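Colleague: I'd like to go through this one with you and ask what backs up each label. Could you bring it up?

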Amino acid sequence: MSEQATTTDPVMPEVKLNLVRPNAPVTGRVVSNDMCLKGKANVWVRHTEIDVSGTPLEGNFLVGQSFGVIAPGVAANGKPHKVRLYSVACPSWGEDGRGRIVSTTPKRMIDEYKSQRSGDHPDRHTLFLGVCSNFLCDLQPGDEVQVTGPAGKRFLLPVNPADHDFVFIATGTGIAPFRGMAMELLEHPDGPCPSRIHLLMGSPYTSDLLYDDLFRRLAREHENFSYHTAISREPHGASTRGIYVPALIDEQLETFRPLLESPRTLLYMCGLLGMDAGVYRTLLENNLAGQYIRVDDELQAIDPKQWTGKQIKRHVHTTARCMVEVY
Ligand SMILES: Cc1cc2nc3c(=O)[nH]c(=O)nc-3n(C[C@H](O)[C@H](O)[C@H](O)COP(=O)(O)OP(=O)(O)OC[C@H]3O[C@@H](n4cnc5c(N)ncnc54)[C@H](O)[C@@H]3O)c2cc1C
């Protein structure tokens, strides 16, 4: 669907793409690889910093983009492992201020083995460890890592951030780009951006919150930055039940309605596949969706609560003011 440009549509920066391709990755070196959870949790997520100096990635990635990692070894088919993408978690100037050290937020993917193809034992249920996320989380400072990229040309901060306000919605490792974006907006060498910035983070438990200390500090130091958490498996307020991000938006409509109605606001969502559906429903139910999504006629007669993931993918289109990255 072609969007008609309005004065409030963001002007996005030019990006460099695929300077390093998966068939010829370059070598980065791990600088640090620390846990970034709030407390003892039943997931494992790290903040991994990789030195890419001297490679084409140096100084050529933007916050919001991702980069590729190729784990060593071969897959079950005997071919080298495929590239996996990881979001840039630092500002565009890198962890070092000069674009030499890029960071990301890998979460160990752990599951039970399931039969994938004919010939696999149907009853096998041994531990399955995701190839690349566990490779990344295992790395030690000094270790080498094969990287590619950068990737992504839409999930970006606008050229003139002060022209906009921002609603960032994250679940899980979807927080990675918002760490970089919040730092880029609020800790810019030229001074903090005065725009209103609201970050909503959804996680099952408080202990799963990522970079929580950083966001609390930024909220203390910048009155234009608000940090909201939606914890789904712990009691919320007077209720014995938890709360998800869409319900939190509903609950705090006096804050979010004026923000989402403002022609300045840009909406960003990053995280688990399907998280966008719940947010779209809340926006539609509160008559706030128009600036962020267009819904094809095929779905107009169906209650948004009944929309399937497939229908959303096909018939819900984001406008220039809504950036979504789900995986
Ligand atoms: C733009 C983008 C940005 C991303 N950013 C991040 C990020 O910042 N942090 C992050 O952690 N991830 C991120 N991801 C996801 C990341 O790319 C990987 O998909 C993720 O780390 C899992 O990769 P893996 O190699 O560990 O798992 P894989 O080995 O690729 O397994 C992937 C899936 O296949 C299933 N699977 C495969 N084979 C079997 C089997 N035999 N039995 C059971 N299950 C099986 C697993 O359950 C798992 O869900 C991003 C993805 C995209 C597209």
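What follows is a chat about the labels and the values behind them.

Modeller: Sure, and keep in mind that this is a predicted model. The protein chain has 8 helices and 15 strands.

Colleague: What makes the protein chain as compact as a globular protein of that length?

Modeller: Its radius of gyration is 20 Å, and the globule rule gives 20 Å for 327 residues, so the chain matches a globular protein of that length. For the dimensions, the C-alpha atoms fill a box of roughly 55 × 50 × 45 Å along the principal axes. Of the contacts with a separation of 6 or more, 72% come from residues 24 or more positions apart. And 48% of the 327 residues count as buried.

Colleague: Why is the link between aspartate 165 and arginine 264 called a salt bridge?

Modeller: The closest N and O atoms of aspartate 165 and arginine 264 are 3.0 Å apart. The cut-off is 4 Å between a side-chain nitrogen of Lys or Arg and a carboxyl oxygen of Asp or Glu, so the pair qualifies. The structure holds 12 salt bridges.

Colleague: How do you know that this pair links distant parts of the chain?

Modeller: Aspartate 165 and arginine 264 are 99 residues apart. The aspartate sits in strand E9 (residues 165–171), while the arginine is in the loop between helix H5 (253–261) and strand E12 (265–271).

Colleague: Which of the labels buried, partly exposed and exposed do those two get?

Modeller: One each of two labels. Aspartate 165 has 3% relative accessibility, and buried means under 20%, so that label fits. Arginine 264 has 31%, which falls between 20% and 50%, so it is called partly exposed.

Colleague: And what makes aspartate 212 and arginine 216 a salt bridge?

Modeller: It's the same test: their closest N and O atoms are 2.8 Å apart, and that is within 4 Å, so they pass. Both are in helix H3 (residues 212–221), and being 4 residues apart puts about one helical turn between them. An α-helix has 3.6 residues a turn, so residues three or four places apart point the same way. Aspartate 212 is buried at 3%, whereas arginine 216 is partly exposed at 36%.

Colleague: How many residues separate glutamate 221 and arginine 217 in H3?

Modeller: They are 4 residues apart, about one turn of the helix. The closest N and O atoms of glutamate 221 and arginine 217 are 2.9 Å apart, which makes a salt bridge. Arginine 217 has 26% relative accessibility, so partly exposed is the right label. Elsewhere, salt bridges with shared partners join Asp165, Arg196 and Arg264 into one network.

Colleague: How do you know that glutamate 184 has no salt bridge?

Modeller: The nearest side chain of opposite charge, arginine 179, is 10 Å away. Glutamate 184 is buried, and it lies in helix H2 (residues 176–186). Not counting residues up to four places away in sequence, glutamate 184 touches Val63, Pro91, Ser92, Trp93 and Leu157.

Colleague: What makes H2 mostly covered?

Modeller: The count does: 11 of its 11 residues are buried. Among them are Phe178, Arg179, Met181 and Leu185.

Colleague: Why does alanine 71 count as buried?

Modeller: Alanine 71 has 5% relative accessibility, and the limit is under 20%, so it counts as buried. You'll find it in the loop between strand E3 (66–70) and strand E4 (84–87). Leaving out residues up to four places away in sequence, alanine 71 touches His81, Val131, Cys132 and Phe135.

Colleague: What is there to say about the backbone at tyrosine 211?

Modeller: Tyrosine 211 has a positive phi of about 55 degrees although it is not a glycine. It is in the loop between strand E10 (197–203) and H3. With a relative accessible area of 9%, under the 20% limit, tyrosine 211 is called buried.

Colleague: Which other residue has a positive phi without being glycine?

Modeller: Asparagine 18 is one, with phi near 50 degrees. Asparagine 18 lies in the segment before strand E1 (26–35), and its 36% relative accessible area makes it partly exposed.

Colleague: Last one: where is the cis peptide bond?

Modeller: It joins glycine 149 and proline 150, with omega about -5 degrees. Proline 150 is found in strand E8 (residues 144–151).

Key. Residues numbered from 1 in each chain as written. Predicted model: local features only at pLDDT ≥ 70, side-chain atom pairs only at ≥ 80, totals over all residues. Heavy atoms only, no water. Helix = DSSP H or I, 4+ residues; strand = E, 2+ residues; numbered from the N terminus. Buried < 20%, exposed > 50% of the residue type's maximum accessible area, 1.4 Å probe, protein only. Rg over C-alpha atoms; globule rule 2.2 N^0.38 Å. Contact = heavy atoms within 4.5 Å. Lys, Arg positive; Asp, Glu negative; His and termini not counted.
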